[in-house]
Amino acid sequence: MPRAGLTPAAVVDLALQEVDDAGPRGWADLSLSAVAARAGVAVPSLYKHVDGLPGLRRAVAAACVDQLTAVLTQAVAGQHGPAALRATAHALRAHARTHPGRYLATQTGEWVTDPLALDVHAAAARTVELVEHVVAELDVPPARRVDAVRAVRAAVHGFVVLELDGGFGMPEDVEISFAYLVDGLVGALDSRARRAAD
């Protein structure tokens, strides 16, 4: 049965459901045909609401980045120093495990050179600003904050992707390994900040 009252926001919501239901492959496999089937309409009907698959993917990615930023904002509320970085890392991992497709939608670089991805760029800038504030809490000097944000992102994202892919097959507790990684990040950033201050 065709979906009455289909709107751009409703199409994005259906696409997010599709991304969620398909797990870690949800973002990579997102298609207009899958969303149209979920909406109960033919694919051409979606073009009234989104600018094809690229437009749909831009809208979904922006929504996913906004959601991630909201999760991280809530996690760091009232946290300072090392506690803020730990809260950020653990919240990011928990979000990725709960919504792997949505998380992976936030990590693609395909928007960097896309001049139409203004909403994604703006959403991503808010996320970076939040993480930059977190590393600033560790007294990372302004000139090194982008480096620190990249280091945090690379370390936590690398762990998360390996985990989502089932890459940790050894019997040792993965929770302990993640805490070890986060402690290492905190220690490294704190140590470098102290050396820079000397």
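**Exercise 1. Is R102 buried or exposed, and what is its relative accessible area?**

Solution. The model is a predicted one, in which local features need pLDDT of at least 70 and side-chain atom pairs count only at pLDDT 80 or more, whereas totals for chains, interfaces and linings use all residues. Residues are numbered from 1 along each chain as its sequence is written, and side-chain values use heavy atoms, with hydrogens and water left out.

Step 1: apply the classes, in which buried means under 20% relative accessible area, exposed over 50%, and partly exposed in between, with a 1.4 Å probe and protein chains only. With a relative accessible area of 15%, R102 is therefore buried.

Step 2: locate the residue, which lies in helix 6, residues 100-105; helices here are DSSP runs of H or I with at least four residues, strands are runs of E with at least two, and both are numbered from the N terminus.

Step 3: list the partners, taking contact to mean heavy atoms within 4.5 Å. Leaving aside neighbours within four places in sequence, R102 is in contact with L16, V19, D20, C64 and Q67. In addition, the C-alpha atoms of R102 and P24 are 8.3 Å apart in space, although these residues are 78 apart in sequence.

**Exercise 2. Describe the overall fold and surface of the protein.**

Solution. Step 1: count the elements, which come to 9 helices and 0 strands, so that the pattern read along the sequence is α-α-α-α-α-α-α-α-α.

Step 2: take the extent of the C-alpha trace, which spans about 65 × 40 × 30 Å along its principal axes.

Step 3: turn to burial and contacts. Of the 198 residues, 39% count as buried, and among contacts between residues at least 6 apart in sequence, 70% join residues at least 24 apart.

Step 4: consider the surface, for which the Shrake-Rupley method with a 1.4 Å probe gives the accessible areas, only the protein chains shown counting as cover for residues. The protein exposes about 10,400 Å², of which carbon and sulfur atoms supply 59%.

**Exercise 3. Which residues touch the most other members of the largest nonpolar core?**

Solution. Step 1: define the set as buried Ala, Val, Leu, Ile, Met, Phe, Trp, Tyr and Cys residues joined through side-chain atoms within 4.5 Å.

Step 2: among the 28 residues of the largest core, those touching the most other members are L85, L92, V135, V156 and L189. Two or more residues each come from helix 4 (52-76), helix 5 (82-98), helix 7 (118-136), helix 8 (145-164) and helix 9 (174-197), and helix 5 gives the most, with 7 residues.

Step 3: note that another core, of 24 residues, lies apart from this one, with L6, L30, L56 and A105 among its members.

Step 4: follow one residue of the largest core, V156, which touches A89, L92, F178, L181 and L185 when residues up to four places away in sequence are not counted.

**Exercise 4. Characterise the pairing of F159 and F168.**

Solution. Step 1: rings of Phe, Tyr and Trp (its six-membered ring) pair if their centres lie within 6.5 Å, and planes under 30 degrees apart count as stacked, over 60 as edge-to-face and the rest as tilted. The count by this rule comes to 3 aromatic pairs.

Step 2: F159 and F168 form a tilted pair, with 4.7 Å centre to centre and 45 degrees between the planes.

Step 3: F159 is buried at 9% relative accessible area, whereas F168 is partly exposed at 32%. Ring pairs link F159, F168 and F178 into a cluster.

**Exercise 5. Where is D139 placed, and where is R97 placed?**

Solution. Step 1: D139 is in the loop between helix 7 and helix 8; this residue is exposed, with a relative accessible area of 60%, and has a positive phi of about 65 degrees although it is not a glycine.

Step 2: R97 is in helix 5 and counts as partly exposed at 44% relative accessibility. Apart from neighbours within four places in sequence, R97 is in contact with E163, L164 and E175.
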